[in-house]
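Please look over the model shown below. Then read on for a short tour of a few of its parts.

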Amino acid sequence: MPESVQEEEFSIHWIEDVLQRVLERDVDEYLLSAGKSPSGSIHVGILRELIISDVIKRRLLDLGKKARTMFVIDDYDPVRSFPPGTSLSLDEWVGIPYSDVPDEFGCCESYGAHYANELIETFPEFGIDPEIVWTSKLYRTDAMIEEVRTCLRETETIREIMIEYVARDFSPEQRAQYVDSMKNWYPASVVCPECGRLQAGAKGSIMPNRITAYDPDTDAVSFKCHYCGLEDTRPLSQLRVKLTWRIDWPTKWHLFRVTCEPAGKDHSVKGGSYDTGLEVSRRVFGWEGPVKVPYEWVQIGGRDMTTSEGIVFTPRSWLRIAPASLYRFLMLKTDLQRTINIQPDRIPDLVDQYDRFERTYYALEDADSDRERLARLLYPLCEAQPVREEYVPKLSFKFAVVISQLEELLGHDVVVQRCVEAMKRQFGVESLHDESMSNIEQRLKMALNWVREYGTERDRVEVPPEVPAATRQTLTDKDKEFLSAMVEALRRGSASDEDIQAAVFEAARSVGLKEKRAFVVMYRLLISRKSGPRLGPFINLLGREWVADRIASVL
Ligand SMILES: [Zn+2]
Ligand SMILES: [Zn+2]
């Protein structure tokens, strides 16, 4: 049972660890930042970073501190490639900032805005509300231009840092070559005023339109465009420039005085862009920079997600099949140094697990005091909304998986009514809160999406309008005797799920039919399969009368 052991494992000390490190900064207002380049649909993994920031913010607010979160959209990054399926031509748009590329769907300001909006729209549901910063707009502000000016004046220091960090593991020859290439290197590129590009060439052969000279006395910038060949010298204030990535990041930290920023392993490896940025913070801006919080990636079904290869599972894909609070729960309960592998096929079990965890918080489950303490701390951080004083019963996801597939047969109202009855029985209540009612609607939708997209053959329940002729022909005389007994039992009046389950065994025994065969016959009649959901509850879902009539139709 290694899997379930792992699932029961909670490793949440990281929350207090990060909080303590952030508190040591002792600033008037704490700013937690996160960021992403909108190069295509942004996958659900980015939420790990946003949720880490959000939770630290919530803990700071709990302590009476001032705190806020920020999300930086790197839409000023140039196009290097498009994900598969894009209708835009890479030749036409390569090297142009995402903010200047049109939205192929026509609904947003730009290509970059479209994919950023696709993500931002899901924030309220995930309980996060960072201030949004668009890098393309930021670079038009005087404050940012002033920071760029500082970097250009400190080019020599920045060159030293780049050589120290980038060439760290180079061979002596590579290093000599790199040092040589840095002699006339400047930490910024220019958006060519003629062709609108920041660089020429696609992935693998990129030539940035790097600044070739800067005169601090006149503020004049010289540059060369590798795409159209334009070479010119103009005042900094009349050009659109962009700092190179390793410098752009710490400059934004400094501009906003970011207290803490989590980063995925690609950026946070030792000597990587995060460490370079911290060095730039110290030596160029004379400031220590943010608290570095490295975290491992989120995988889906054991695979890393990459926008460029088109392997994308977005936050919206998650919300279609599962509650946002479950996602927060999975992010928060796992140590930052561990990869989180989301297995969509296990969603019903995970929702169940989270539902039990929620009831532990409300002291409605048998749990030891450690577990209860854990739930009291963690559960409020998992919820998108402030926690209610009273528990709101939730529809069992596994139940929803079965009944949501019967809507065509039974109609929506009957389906909801069956859900209400099931919940009243399960929770021993007389009536349901409005919120439970909206939870029913939500879970029915999620469960149906889940079963259609990720359910296995076993999870799928399809009731054909009539019993197929082929099924009728397989019925033996003994089968029919059993079925007659079932009709009688079902027409006898109301019965619980357990009574019906027992009636199947009894009817089989009474005519001398093997129990296993009896169940196969029933499932074949109802869903044209050999097995299916537990029969007693399933028959009650379909309605006893309806099932009796269905059986009678083949006798
Ligand atoms: Zn759009
Ligand atoms: Zn050009």
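This report covers two loop residues, a sheet, a strand pair and a helix pair.

This is a predicted model, in which local features need pLDDT of at least 70 and side-chain atom pairs count only at pLDDT 80 or more, while totals for chains, interfaces and linings use all residues. Residues are numbered from 1 along each chain as its sequence is written, chains are lettered from A and ligands numbered from 1 in the order in which they are written, and side-chain values use heavy atoms, leaving out hydrogens and water.

**Two loop residues**

Most residues other than glycine have a negative phi. D219 and R257 have positive values. Helices (H or I, at least four residues) and strands (E, at least two) are DSSP runs, numbered from the N terminus. Buried means under 20% relative accessible area, exposed over 50%, and partly exposed in between (1.4 Å probe, protein chains only).

| Residue | Phi | Loop between | Relative accessible area |
|---|---|---|---|
| D219 | near 65 degrees | β7 (211-215) and β8 (220-224) | 15%, buried |
| R257 | about 55 degrees | α11 (245-256) and β11 (260-264) | 45%, partly exposed |

**The sheet around β8**

The loop of D219 joins β7 to β8. These strands belong to an open sheet of 3 strands, in the order β7-β8-β9, with antiparallel pairing. Two strands pair if DSSP finds at least two bridges between them. β7 and β9 (231-235) are the edge strands, each pairing on one side only. From one strand to the next, the twist averages 15 degrees. β8 and β9 share 5 bridges. F223 stands opposite D232 in β9.

**Strand β11**

The loop of R257 leads to β11. Is this strand buried or exposed? Of its 5 residues, 5 are buried. In a regular strand the side chains alternate between the two faces of the sheet. In β11, C260, P262 and G264 point one way, and E261 and A263 the other way. β11 pairs with β12 (residues 291-295) in the parallel sense over 5 bridges. P262 has V293 as its bridge partner in β12.

**A helix pair**

How do α26 and α27 lie to each other? The axes of α26 (residues 535-542) and α27 (residues 544-552) come within 5 Å and cross at roughly 95 degrees. Axes are lines fitted to C-alpha atoms, for helices over the stretch in contact, and angles run from 0 to 180 degrees between N-to-C directions. The two helices are therefore roughly perpendicular (65 to 115 degrees). I539, N540 and L542 of α26 make the contact (heavy atoms within 4.5 Å) with R544, W546 and V547 of α27.

Notes
Angles under 35 degrees count as roughly parallel, over 145 as roughly antiparallel, 65 to 115 as roughly perpendicular and the rest as oblique.
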